[in-house]
Amino acid sequence: MTINKYQGKTKEEAVEKAKQELGAGAVVLNVKEIKPKGMFKMFKNTLYEVTAAVEEKEAFPAQTLRSETKPVHDTISLAADEKITIPGVARENTRPAVAPAPAEQEVVPMKEAKRESTNEGLEKRLENLSNILEKQFSVEEMRKSHPVEPQEKENRTEGFQFIKMLYRTLLENDVNEKYVNQIMDEAEKVLHNGSSVDSILSNVYQKLILKFDQPQTIELTGKKPKVIFFIGPTGVGKTTTLAKIASRYKVDKEKKVAFLTADTYRIAATEQLRIYANILDAPMSIIYTPEEMNDAIARVSEYDLVFVDTAGFSHRNEAQCQDMKKLIDGLDEAYEKEVYLVLSATTKYKDLLEIADTYKEIANYKLIFTKLDETITYGNILNIKLYSGAKLSYMTSGQNVPDDIEVFDTQKIVKQLLGGR
Ligand SMILES: Nc1nc2c(ncn2[C@@H]2O[C@H](COP(=O)(O)OP(=O)(O)OP(=O)(O)O)[C@@H](O)[C@H]2O)c(=O)[nH]1
Ligand SMILES: [Mg+2]
């Protein structure tokens, strides 16, 4: 992993510099606002400092989770000569720990572990993560020029307990066990016997941020109009999310937006979209076929964005899947398109896997997760991101249009997965 810092007048400028140097795969670990200091501070601008990282190699190839048959292992070794036992976790798909724990490493039973995972210390550390990352960064720099000093035994035991706690916290937040093992395995490679709790936390945090990857939202290339499809199961929030995003582009970015709806299954569906179209003073057309879609887009060819709302349907309904594919494939090649698969964070893991697979047959999509306000565990977001290999884009946490939406906030979600609030 390569980690560097970049400064800019805006966050975007700093991120851009990071991408130029580290490549498009660079992800932001932390953003810090640097307020001007000293006598002439009123004449200086606030700067943004972005800590960005890039992973040297892809750790999880897409679409491997369900085909994987290898059992997950029960132990995590922190160093080649020392193993720690991961305690059994009361989950259906989790095997209990089998390896006997060395005397000094007490195995914590599940009930106790739960209490420990809401540990105030961890929450405080997560709140303080920026400082920890700062510290780690300077330690990293120091290590480059200095050999690692042997650390104390006490420190090591604390590190073992802490890594176990992080492991359990990720499982409790519904991160799939296979991924938890991979993340911990990767983290352990760079940790050593005396690794401090802070360095373990920042390492696992960084690994998770890299797994989530940089979110990718609508890209305006200048070619007009860009056509944006919203697809997904019934009732996940496609229409509401479309309205939220369209509103941002129309009101905040002053772009010309138009609406199409291919949702002709429900009588109320067109009315729902029409209300948003009226509020935003955007033209709206109802379309039944790909030809009608292309004609309707031709009528708004000077617009920046055309948002296409589609009918929700069960991914198990073959005929509706085929219709959707025909519609998206039927878009005139002259137009650029982006497809967003809208998924609810409340949907069950196994269903999400099937949905991700079925919609892959329909189009190459980016992911939007909705209803984050209706669940307390976000592990499925990471599971599906890694399983599908698709980019994350937006997340929504409420019914209010246009407020309850934001660009996927990786740092916030990772902190929650690690036990933060
Ligand atoms: N709590 C919560 N509710 C949401 C969120 N996004 C959408 N909803 C609600 O979910 C319900 C369904 O939203 P729609 O936008 O109609 O969903 P849809 O996917 O277009 O539904 P169909 O077109 O019927 O498939 C509405 O009551 C929305 O207000 C969210 O982030 N959080
Ligand atoms: Mg809808």
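**Exercise 1. Cis peptide bonds**

Locate Pro 402 and give the geometry of the peptide bond that leads into this residue.

*Solution.* Start with the place. In this predicted model, Pro 402 sits in the loop between β12 (392-396) and β13 (405-407). Next, take the bond from Val 401 to Pro 402. Its omega is near 5 degrees, and the bond is cis.

Now do the same for Pro 225. This residue belongs to the loop between α7 and β6 (226-231). Lys 224 and Pro 225 are joined by a cis peptide bond, with omega at about -20 degrees. For context, most peptide bonds are trans.

**Exercise 2. A backbone angle**

What is the sign of phi at Asp 281, and where does the residue lie?

*Solution.* Phi of Asp 281 is near 50 degrees. The value is positive, and the residue is not glycine. As a rule, most residues other than glycine have a negative phi. Then find the element: Asp 281 is in the loop between α9 (267-279) and β8 (284-286).

**Exercise 3. A helix pair**

Describe how α7 and α14 pack, and classify their orientation.

*Solution.* Two packed helices are described by the angle between their axes and the distance between the axes. Take the elements: helix α7 covers residues 197-212 and helix α14 covers residues 410-417. The angle is about 130 degrees, and the axes are 10 Å apart. Roughly perpendicular ends at 115 degrees and roughly antiparallel begins over 145. α7 and α14 are therefore oblique to each other. Last, the handedness: the crossing of α7 and α14 is right-handed.

**Exercise 4. The ligand site**

Characterise the shell around ligand 1, then list polar contacts and burial.

*Solution.* Count first. The ligand is surrounded by 18 residues, the closest being Lys 238, Thr 240, Asp 373, Glu 374 and Thr 396. Sort them by type: one is nonpolar, 11 are polar and six are charged. Assign them to elements: helix α8 (residues 238-252) gives the largest share, three residues.

Now the contacts, each to an oxygen atom of ligand 1:

- The side chain of Thr 240 places an N or O atom at 2.4 Å.
- The backbone of Gly 237 has an N or O atom at 2.9 Å.
- The side chain of Gln 399 has an N or O atom at 2.9 Å.

Finish with burial. Ligand 1 taken alone exposes 650 Å², and the protein buries 84% of that.

How values were computed. Residues are numbered from 1 along each chain as its sequence is written. Chains are lettered from A and ligands numbered from 1 in the order in which they are written. This is a predicted model: local features need pLDDT of at least 70, side-chain atom pairs count only at pLDDT 80 or more; totals for chains, interfaces and linings use all residues. Side-chain values use heavy atoms; hydrogens and water are left out. A residue is near a molecule or strand if one of its heavy atoms lies within 4 Å of it. A polar contact is a pair of N or O atoms within 3.5 Å; within protein, one must be able to donate a hydrogen and the other to accept it, and residues adjacent in sequence count only if both atoms are side-chain atoms. Accessible areas come from the Shrake-Rupley method with a 1.4 Å probe; for residues, only the protein chains shown count as cover. Helices (H or I, at least four residues) and strands (E, at least two) are DSSP runs, numbered from the N terminus. Ala, Val, Leu, Ile, Met, Phe, Trp, Tyr, Cys and Pro count as nonpolar, Asp, Glu, Lys and Arg as charged, and the others, Gly among them, as polar. Axes are lines fitted to C-alpha atoms, for helices over the stretch in contact, and angles run from 0 to 180 degrees between N-to-C directions. Angles under 35 degrees count as roughly parallel, over 145 as roughly antiparallel, 65 to 115 as roughly perpendicular and the rest as oblique. A crossing is left-handed if the near helix is turned anticlockwise from the far one by less than a right angle, and right-handed if clockwise.
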